Amino acid sequence: MSQEQKNVISRRQFLDLGIKGTLASSIITGFPTIVPASVFGKNAPSNRINIGAIGTGRISRGHDMPGVWKFDNAQIMAVCDLDSNRVESAKKLVNDFYSKKTGKEFDGVKTYTDYRELLLNKDIDAVLVSTPDHWHAPIVIHAVGAKKDVYMQKPASLTISEGRMMANAVKKSGRIVQVGSQQRSSNQFRYAAELVRNGRIGTLKTVYVGLPGDPSGDEEPQMPIPKNLNYDMWLGTTPDVYYTEKRVHPQSGFDRPGWLRCEQFGAGMITGWGSHHIDCAHWAMNTEHTGPIEIWGKADFPKKGLWNVHGIFRTEAMYENGVRMVVSNELPNGIKFEGTEGWIFVSRGDAAVTSSDPTAKQNAPKALDASDPKIITSVIGDNEIHLTVSKDHHGNWLESIVSRKEPIAPTEIGHRSCTACLLHHAAMKLDRKLFWNPTQERFINDPEANLLLAREQRAPYAIKI
């Protein structure tokens, strides 16, 4: 067999691979590379990064696609969703944007209802993954195996085990993957981390992380599956349960979807917002590649109803460097760093990613505050610690695609912050102190806790590497 024949794979063969990401990477070849702007000019088609959007709901329409299409060196050329109505709506949204931008009628967006078919498109260089949490890791593994660069929504994974599989697959592939921890691209979060790292509050002792809360809901009746929704694939690796609209997403409009409150698809606010705040806390603590060694706490869980993620909670963790972290949805939304010589508090202020973010803008705390105003007017000297500067999270990803340098929120760091969130969730579920080995990524002498590292995965969607 010739080399050319070896490199050929049919559409059916590719789809039959399921989610065998690294296997796919050894078979699929010939995907386009990014040509330096100096060769063709910054707006030349050959230099443009062609992007496919996988998942076209609230976060995609309001944050991820607009975050990319504003850059001239990138173009959204394909959209994909398991809800065909959302696919057509996304197609119109993107076509209308480019029509308005160019002043000419535009109809260049391709549509897909199966992301695996989108990955077959050799003209697509990179993908946005804006799906529910339980699909993040499987799609990223498959995408990097298909030689695509990826921008993925946080949290990085549904479980610690699949997060490790994903981080390993990304490292092996050499692709550029940016985790959507966009607070790293906000000046106040970077500056707060620099102030802490440079000792402006003395020795760091305690970090307080405040998260929003999520209310429980009522029991919801079984409903007919809409003809426009591939519900079996939407469930993916998770168990087969009956369809009801509040388990999935609204069939009319793009309000906050119900799956965010179902433990089958995520852990609730501990990962939903915890992935942001704990990630930035790790940034300031210089613990981005490790994690806590002890975790404990309590949480209230709904005793009935469809929505069953945690309610009011308070968990704590101890790190090897002696820093204690307290996480609760009864604290102000943000991060407070408390040291021997003062404190710093940082938050988004009144900023929101989407209009349906669960924050009360009228009660929003200051974006940056401190025990002494002189702390936050301090200048970081040339010889002090300076962290990576990113002015735009999606823009940083596009820059990394061209330079092939690591983005500001790479997969390994995203996996570690997600792991910390899931450790807090494990403490909520088991209601006792847990001991964690960050190197081995396992609980110490605790078989019951180690059962929480992974979930049984439903065929045919199970991750296989």
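This report describes the sheets, one helix pair, some salt bridges and two threonines of a predicted model.

The model is predicted, so local features need pLDDT of at least 70 and side-chain atom pairs count only at pLDDT 80 or more, while totals for chains, interfaces and linings use all residues. Residues are numbered from 1 along each chain as its sequence is written, and side-chain values use heavy atoms, with hydrogens and water left out.

## Sheet and strands

Helices (H or I, at least four residues) and strands (E, at least two) are DSSP runs, numbered from the N terminus. Two strands pair if DSSP finds at least two bridges between them.

Six strands form an open sheet in the order 3-2-1-4-5-6, and their pairing is parallel. Strand 3 (110–112) and strand 6 (177–179) are the edge strands, each pairing on one side only. From one strand to the next, the twist averages 25°. Axes are lines fitted to C-alpha atoms, for helices over the stretch in contact, and angles run from 0 to 180 degrees between N-to-C directions.

Within this sheet, strand 1 (residues 49–54) pairs with strand 4 (residues 126–129) in the parallel sense, over four bridges. G52 has V127 of strand 4 as its bridge partner. Helix 6 (residues 84–102) packs on the sheet and touches strand 2 (74–80) and strand 3, with its direction at about 160° to that of strand 2. Contact here means heavy atoms within 4.5 Å.

Antiparallel pairing occurs elsewhere in the chain: strand 7 (residues 204–210) pairs with strand 11 (residues 334–339) over six bridges. There, V207 has F337 of strand 11 as its bridge partner. Strand 11 also runs antiparallel to strand 12 (residues 342–346), to which five bridges join it. E338 stands opposite W343 in strand 12. The connection from strand 11 to strand 12 is a hairpin of two residues.

## Helix 9 and helix 16

Helix 9 (residues 160–173) packs against helix 16 (residues 411–430) at an angle of about 175°, and their axes are 9 Å apart. That makes the two helices, helix 9 and helix 16, roughly antiparallel, a label for angles over 145 degrees (under 35 is roughly parallel, 65 to 115 roughly perpendicular and the rest oblique). On the helix 9 side, the contact is made by I160, G163, R164, M166, A167 and V170. Helix 16 contributes T411, E412, H415, R416, T419, L422 and L423.

Of these residues, T419 lies in helix 16 and counts as buried at 5% relative accessibility. Buried means under 20% relative accessible area, exposed over 50%, and partly exposed in between (1.4 Å probe, protein chains only). Leaving aside residues up to four places away in sequence, T419 touches I160, W436 and E441. T419 and L453 are 34 residues apart in sequence, and their C-alpha atoms are 9.4 Å apart in space.

## Salt bridges

A salt bridge is a side-chain nitrogen of Lys or Arg within 4 Å of a carboxyl oxygen of Asp or Glu. The structure holds 26 salt bridges, including those in the table.

| Pair | Closest N and O atoms |
|---|---|
| R256 and D214 | 2.9 Å |
| E220 and K246 | 3.8 Å |
| R324 and E316 | 2.7 Å |

R256 is buried at a relative accessible area of 19%, and D214 is buried at 12% relative accessibility. E220 counts as buried at 18% relative accessibility, whereas K246 counts as partly exposed at 42%. The pair of E220 and K246 links distant parts of the chain, 26 residues apart: E220 is in the loop between strand 7 and helix 11, and K246 is in the loop between helix 11 and helix 12. R324 is partly exposed, with a relative accessible area of 24%, while E316 counts as buried at 13% relative accessibility. Salt bridges that share partners also join R164, E412, R416 and E441 into one network.

## T238

T238 is found in the loop between helix 11 (231–235) and helix 12 (269–272). At 3% relative accessibility, T238 counts as buried. Its side chain reaches the backbone oxygen of L235 at 2.8 Å. This is a polar contact (a pair of N or O atoms within 3.5 Å; within protein, one must be able to donate a hydrogen and the other to accept it, and residues adjacent in sequence count only if both atoms are side-chain atoms). Not counting residues up to four places away in sequence, T238 touches H134, L158, Q264, F265 and R458.
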